[in-house]
Amino acid sequence: MAPMVRVSTLPMRLLALRQGCDIAYSEELIDVKLSSTKRVVNEKLNTIDYISKDRAVVYRTCEQDRNNVLQLGTASSVSALKAAQHVVNDICAIDINMGCPKFFSVQGGMGSALLSKPETIKDILTTLIRNLPVPVTCKIRLLKTDQETIDLLKIIESTGVSAIGVHMREIPERPKDPAHWDRLATILANSSYSVPIIANGDIYTHQDIDNVLNQTKANSVMIARGAIRNVSVFSKDKSLKSFHQIIQDYIQIAYEKDNLFPNTKYVVNQILNENDETKTEKARQTSVVKSMKDLCTIWEMTNQYEQFLNPPTIPILMENQEEND
Ligand code: FNR
């Protein structure tokens, strides 16, 4: 599953892994912010939390969050390494975001701003690879020409990264623009790599996974909106769950991991959006819901909610943090 800000938080990663996903990337976390957090062992939830000074959970992981790749937003090797070393014992790999076109990222020299700075790319990746005991990967976009993209892939390969994700769109292209599977196919037909290439863009179904692998000859795929639409796209037996069932499963995990309610509500709304289900009464109610209890009622989980209220561990994160202060 691809890194997705606000979506790829712990509950969505756990849901994807339960469906059969092999590797679930975290949402992008900015290096400086991550470095300033405090690591807290949350015994009530069985999670490891990285808490900011204003007491927000910046990153949460747990034992079942296996193969977790933490994606960093960074513009410099020094701050990337500091952030990576801070979390390294709780993750399986670090990914560097080199594709985000948003103003916030680019004006700070992060995301897709890196794609025109090969020296900075080399510096960040080699510094991380030399100093970390876990694999380092990165996620790029296509450049204007195939040759420029090949040159970039070769530079990145030479640093010793463990995989390269390729979002098959150029920097100015938006999600509604079709992903260029044909361009990655041409690139991989004209150049070979010792490092696995992960194809990303417009993969929604089990058939799309087969098609993109056949067409591009990439080693693997990375799925973003397809996972929001139906996370059972990861199922190995190609079975699909209804979005109603998926929302219920998601809410259950979000509760168990004490996910922030606004984030839980956001993800449920994203699932509805991706399924073109925004006009229903349930969707209308979900868009204005103010509590977990009401969200459970809308999604016919009142019984579960009542069970939720008597778990052996009611998560009280802040108490736990004070114990560690
Ligand atoms: C994204 N994307 C993204 N990419 C990234 O490298 N780091 C991030 O944090 C995010 N955040 C994010 C949030 C949301 C809600 C979406 C939909 C997308 C981009 C994403 O990983 C992927 O590259 C693109 O969405 C293309 O893949 P799909 O959606 O066509 O499968």
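Colleague: Before we get to the helices, what counts as buried here?

Modeller: A residue is buried if 20 or more other C-beta atoms lie within 10 Å of its own. Bear in mind that this is a predicted model. By that criterion, the buried part of the 325 residues comes to 42%.

Colleague: How many residues of helix α1 are buried?

Modeller: Helix α1 covers residues 10-19 and is mostly covered. L10, P11, M12, R13, L14, L15, A16, L17 and Q19 are on its buried list. Just after α1 comes G20, with a positive phi near 125°. For α1 itself, the buried count out of 10 residues is 9.

Colleague: And which elements do the buried residues of α1 pack against?

Modeller: There are both strands and helices on that list. The strands are β1 (24-30), β4 (57-62) and β5 (68-73). The helices are α9 (225-229), α10 (243-256) and α11 (261-274).

Colleague: Which element gives the largest share of the side of domain 1 that touches domain 2?

Modeller: The split is domain 1 (10-231) and domain 2 (243-324), and their C-alpha centres are 27 Å apart. The contact takes 21 residues from domain 1 and 23 residues from domain 2. On the domain 1 side, α1, β2 (38-42), β3 (47-51), β4 and α9 each supply at least two residues. The largest share, 5 residues, belongs to α1.

Colleague: Which residues are closest to the ligand?

Modeller: The ligand has 23 residues around it, and by class these are 11 nonpolar, 7 polar and 5 charged. β1 and α9 each put at least two residues into that shell. The closest are A2, M4, E28, A224 and R225.

Colleague: What radius of gyration does the protein have, and why does that agree with a compact globule?

Modeller: The C-alpha atoms fill a box of roughly 60 × 45 × 35 Å along the principal axes. A compact globule of 325 residues would have a radius of gyration near 20 Å, so the protein's value agrees: 20 Å.

Colleague: Where is the pLDDT below 50?

Modeller: Overall, the protein averages a pLDDT of 94, and 95% of the residues score at least 70. One stretch falls below 50, though in the model it still has 17 contacts beyond near neighbours in sequence. That stretch is residues 312-325.

Colleague: And what ipTM does the predictor give the complex?

Modeller: Two scores come with the complex. The pTM is 0.94, and the ipTM is 0.99.

Notes
Residues numbered from 1 in each chain as written. Predicted model: local features only at pLDDT ≥ 70, side-chain atom pairs only at ≥ 80, totals over all residues. Rg over C-alpha atoms; globule rule 2.2 N^0.38 Å. Buried ≥ 20, exposed ≤ 12 C-beta atoms within 10 Å, placed from the backbone. pLDDT = per-residue confidence, 0-100. Contact = placed C-beta atoms within 7 Å. Helix = DSSP H or I, 4+ residues; strand = E, 2+ residues; numbered from the N terminus. Near = placed C-beta within 6 Å. Nonpolar A, V, L, I, M, F, W, Y, C, P; charged D, E, K, R; others polar. Domains from an automatic or database assignment.
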